[in-house]
Amino acid sequence: MSSNTKIVVLRSKALVYALVLIIISVVIIMTAVSLFAPQKESATAPSSGEAESEESTQTQSEASQTVTSQAIYTPGIYTAAIKLGNVNAELQITVDADRINSISLANLDESVTTLYPLMQPTLEELSASILESQSLEGISYDDENRYTSMLLLQAISTTLDKAAVQNETGSLETDAATGAIY
């Protein structure tokens, strides 16, 4: 009987390296395919600041076409940047034609919350007062939150000025009796 027995000697170290190399290659290929493959449009809101500003600009321009002469604000989402050290926090206000719907801080970084712990609670207090009265007039705040409140009120005022409806001459319309911006 003749038997052709072949003995193959594999070094286990070389085999392990080859397997690891193959696994890493597959992961890299899968990552490249997922990054460069076209993605479907989702129904959720975009997370980047540019997309949000483009969307709010489109919303503002569409809404300005349908605004009546009684409107106080141009409906939309308006933002203002608050410079805190070397980091920006984004104040976001949503308005309808005649009412402020919400005031919030968007894209708030964890470092901002750590370095400025009064920012979020102060904004929640101010937001509740402003949403109740629908005006910045007569808003009161604690002395311990004085500077944070002043900074937030200034940013809210700037953002609401962006949202205010302008008359035909391009200036803001105001009511002398109430001080409300039309």
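**View 1. The two sides of helix α4 in this predicted model.** Let's start with the side where Glu124 and Glu132 sit: both are exposed. Across from them, on the other side of the helix, Met119, Thr122, Leu123, Leu126, Ser127 and Ile130 are buried. Looking down the axis of α4, those buried residues fall within an arc of 135°, so they line one face of the helix. That fits a simple rule: an α-helix has 3.6 residues a turn, so residues three or four places apart point the same way. And what covers the buried residues? The cover includes β1, β2, β3 (100-106) and α5 (146-163).

**View 2. The length and the end of α4.** With 15 residues at 1.5 Å a residue, α4 should span 21 Å, and its end C-alpha atoms are indeed 21 Å apart. Just after the helix comes glutamine 134, which takes a positive phi of about 60°.

**View 3. A closer look at threonine 122 in α4.** The helix here covers residues 119-133. Is threonine 122 buried or exposed? Its relative accessible area is 2%, so threonine 122 counts as buried, the cut-off being under 20%. Which residues does threonine 122 touch, if we skip its neighbours within four places in sequence? Those contacts are Asn145, Thr148, Ser149 and Leu152.

**View 4. Strand β1 and its two faces.** Follow the side chains along residues 76-84 and you'll see them alternate. Gly76, Tyr78, Ala80, Ile82 and Leu84 point to one face and are buried. Ile77, Thr79, Ala81 and Lys83 point to the other face and are not buried. This is the general habit: in a regular strand the side chains alternate between the two faces of the sheet.

**View 5. The hairpin made by β1 and β2.** The two strands run antiparallel, with 9 bridges joining β1 to β2 (residues 87-95). One pair to look for is alanine 81, which stands opposite glutamate 90 in β2. Only 2 residues lie between the strands, and glycine 85 in the turn has a positive phi of about 70°.

**View 6. Where to trust the prediction, and where to be careful.** Over the whole protein chain the mean pLDDT is 75, and 72% of residues reach 70 or more. Among the elements, helix α1 (residues 12-36) has the highest mean pLDDT, 91, while helix α2 (residues 49-66) has the lowest, 44. Across residues 42-69 pLDDT stays under 50, and the model gives this stretch 19 contacts beyond four places in sequence. Residues 174-182 also stay under 50, with 16 such contacts.

Key
Residues are numbered from 1 along each chain as its sequence is written. This is a predicted model: local features need pLDDT of at least 70, side-chain atom pairs count only at pLDDT 80 or more; totals for chains, interfaces and linings use all residues. Side-chain values use heavy atoms; hydrogens and water are left out. Helices (H or I, at least four residues) and strands (E, at least two) are DSSP runs, numbered from the N terminus. Buried means under 20% relative accessible area, exposed over 50%, partly exposed in between (1.4 Å probe, protein chains only). Contact means heavy atoms within 4.5 Å. pLDDT is the predictor's confidence in each residue, from 0 to 100. Two strands pair if DSSP finds at least two bridges between them. The expected span of a helix is 1.5 Å times one less than its number of residues. The arc is that of the directions from the helix axis to the C-beta atoms.
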